[in-house]
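Dear colleague,

I am passing a structure on to you with this message, and below it you will find my notes on its salt bridges. Please read them alongside the coordinates.

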Amino acid sequence: MRVRDVFIGAVFLAVVAGATYFAYRRFVLPGNQCGVCGREIHAGHASVLLLRTGKRLETCCPRCALHHDQHHAGQVASILVADHATGEKIRAQDAVYVEGSDEMPCMPMSATPPREPGVEYKVAYDRCVPGLLAFRDEAAARRFLAAHGGRILSYGQVLESVKQR
Ligand SMILES: [Zn+2]
């Protein structure tokens, strides 16, 4: 009965591996990945979308959150963004933003592929670019700007920027 034992062992292993994989996907990944682009979430940049259905969607940066809002009209009840200076969550419309600084909340998905003659070149669309950081306090945003570059945008200006990119 050795063959049968080996077979049962293999099936058992497959079931355990499968269950582990699904548990990982179900319980580990969602807490740590952007609900919009799939990137890893870091506390200082994370945003939260509170949906009208009662669901919560965490994103890697304010840009992803605002993209989701613009592409799912009427589904988002409110958006919270992380104050870059303290990490605390504040209402998106109360924040001042720094766009295009040298601090990128999200690493680009992939390096631009090398261009080869005769090969069609695809532009990779990256919704996290240019980087967008939120600040509760405009003075803190200006201090950050002096050190890291970029431009200060109001919430209204950010909405326009996200519409275009
Ligand atoms: Zn994202």
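Arg136 forms a salt bridge with Glu88, and the closest N and O atoms of this pair are 2.6 Å apart in what is a predicted model. Because Arg136 sits in the loop between β6 (132-135) and α3 (138-148), while Glu88 sits in the loop between β3 (76-82) and β4 (89-91), the pair ties together parts that are 48 residues apart in sequence. Both ends of this bridge fall into one accessibility class: Arg136 is partly exposed at 42% relative accessibility, and Glu88 is partly exposed at 43%.

The other contacts I would point out centre on Glu99. This residue forms a salt bridge with Arg63, with 3.0 Å between the closest N and O atoms; since Glu99 belongs to strand β5 (residues 96-99) and Arg63 to helix α2 (residues 62-71), the bridge ties together parts that are 36 residues apart in sequence. Glu99 is buried, with a relative accessible area of 4%, and Arg63 likewise counts as buried, at 0%.

Glu99 also meets Arg151 in a salt bridge, at 2.9 Å from N to O, and this pair links distant parts of the chain, strand β5 and strand β7 (residues 151-153), with the two positions 52 residues apart in the numbering. Arg151, in contrast to the buried Glu99, is partly exposed, with a relative accessible area of 40%. Taken together, Arg63, Glu99 and Arg151 are linked in a network of salt bridges.

For the model as a whole, the count comes to 8 salt bridges.

With best regards

Methods. Residues are numbered from 1 along each chain as its sequence is written. This is a predicted model: local features need pLDDT of at least 70, side-chain atom pairs count only at pLDDT 80 or more; totals for chains, interfaces and linings use all residues. Side-chain values use heavy atoms; hydrogens and water are left out. A salt bridge is a side-chain nitrogen of Lys or Arg within 4 Å of a carboxyl oxygen of Asp or Glu. Helices (H or I, at least four residues) and strands (E, at least two) are DSSP runs, numbered from the N terminus. Buried means under 20% relative accessible area, exposed over 50%, partly exposed in between (1.4 Å probe, protein chains only).
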